[in-house]
Amino acid sequence: MRYALIGCGRISPNHIVAAKENGLEFVAVCDIDKRAMQDKVSKFGLGDVHQYTDYHEMLEKEEPELVAIATESGKHAAIALDCIEGGCNVIIEKPIALSLADADAVIKAAKEKGVKVCANHQNRFNKSVQKIREALEEGRFGRMFYGTAHIRWCRDRNYYEQAKWRGTWEQDGGALMNQCIHNIDLLRWMMGDDVEEVIGMTDQLNHMYLEAEDLGIAIIKFKSGAYGIIEGTTDIFPKNLEETLYLFGEKGTVKAGGQSVNKIEEWRFADSLENSEEVIANFAENPPNVYGYGHTPLYADMIDAVVNDREPYVNGEAGKRALELVLAVYKSAAEGKTVKLPLKECSTMDFKGRFGR
């Protein structure tokens, strides 16, 4: 399968490794920053891969079957639509878009063209997360009471100055949209997806040079009657502390932690089907960074989805649901009131000037 990567920034190594490990025919890379592109080509031994600074030219000349989009978030949807128009299947880095209208446009275009869209929420493929999901689908939790997602990370000024689009409403959003959306996705997915209402607060406590928030807190009421809590920040001193997901049910309690919810740290079920200590020992990956190991199995699933004409495990609708929940928190915080879902329309640009920038 002919594969191309658009965007050679911070997350691109994970895509390159995943493409190579899945045996894709790597035909091209594209980035407006030639130095960044050449650096990745050299570092990962992609000498025969063609390099482009214009993705339109790349699509026309290379005719890839699968394209990964790893640019700044604000460009995801426009690039995806161009790829889809060219008949390409696409893997879109999170978030799938920065507005619900753009997410809907991507999903609709893919259906009309008969191609697949995968939202790159790779933590769904963590061994720990898959173990938890299995228990959930088997009904071992009983009735779900509530779940919580905590993302306690550090991002300093140097991080934001490496790429001027970071922390802007037009191209990024804040901590919830960029750093926290993976765990927000997991929380919504685990708790049943259907959200009734959200109440949130966001603030800018330590990054006054940005447009968007560095702290977000929210309470979610699911249509099932269960609740969710989100706490996300980039204000932790002096480095990343943790990313955790708790699930509390009538007959089960689980905690996943580590750098990217890659470790099961608590495993308690009324049915006692397994030894809890063994589960904790066997599901304790230690990835080198917060991106974890999920890209490779996500790519494997996407390739299989294309070959067998089925929906990817994390499809465009899943990407839209994660986006919608973050936007709902932003909307609630900006308006100072509870927000009902589904949202009809919302975009990060609706919050331009929220913190005086």
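1. A word on terms before we start: on a 1 Å grid over the protein atoms alone, a cavity is a set of points where a 1.4 Å probe fits but cannot get out, while a pocket is an open set with protein on both sides within 12 Å along at least five of seven lines; lining residues have an atom within 4 Å of a point. Please keep in mind that this is a predicted model, where local features need pLDDT of at least 70, side-chain atom pairs count only at pLDDT 80 or more, and totals for chains, interfaces and linings use all residues. Residues are numbered from 1 along each chain as its sequence is written, and side-chain values use heavy atoms, with hydrogens and water left out.

2. Now the overall build. The protein chain has 12 helices and 14 strands; these are DSSP runs numbered from the N terminus, with helices being H or I of at least four residues and strands E of at least two. Its C-alpha trace spans about 55 × 50 × 45 Å along the principal axes. The radius of gyration is 20 Å, which agrees with the value near 21 Å for a compact globule of 357 residues (taken over C-alpha atoms; the globule rule is 2.2 Å times the number of residues to the power 0.38).

3. One open sheet has 6 strands in the order 3-2-1-4-5-6, with parallel pairing (two strands pair if DSSP finds at least two bridges between them). Strand 3 (50-52) and strand 6 (117-120) each have a single partner strand, so one side of each is left without a neighbour in the sheet. From one strand to the next, the twist averages 20 degrees (axes are lines fitted to C-alpha atoms, for helices over the stretch in contact, and angles run from 0 to 180 degrees between N-to-C directions). Strand 1 (residues 2-6) is joined to strand 2 (residues 25-30) by 5 bridges, and Ala4 has Ala28 as its bridge partner in strand 2.

4. Another open sheet has 8 strands in the order 13-12-11-7-10-9-8-14, and here the pairing is mixed. Its edge strands are strand 13 (263-269) and strand 14 (339-340). Helix 6 (residues 127-137) packs on this sheet, touching strand 7 (144-152), strand 11 (242-249), strand 12 (252-257) and strand 13, and its direction makes about 20 degrees with that of strand 13 (contact means heavy atoms within 4.5 Å). Helix 12 (residues 316-335) also packs on the sheet, touching strand 8, strand 9 (215-222), strand 10 (227-233) and strand 14.

5. Strand 7 shows both kinds of pairing. With strand 11 it is antiparallel over 8 bridges, and Tyr146 stands opposite Phe248. With strand 10 the sense is parallel, over 7 bridges, and Arg152 stands opposite Thr233.

6. On to the open space. The largest pocket has a volume of about 910 Å³ (grid points are joined across faces, edges and corners, and a volume is the space filled by probe spheres set on the points). Of its 39 lining residues, Gly9, Arg10, Ala70, Thr71 and Trp165 lie nearest the centre.

7. The structure also holds 2 cavities of 30 Å³ or more. The largest cavity, with about 40 Å³ of space, has Trp169, Thr202, Glu213 and Tyr330 among its lining residues. The second largest has a volume of about 30 Å³, and its lining includes Tyr160, Asp172, Asn178, Leu210 and Glu213.
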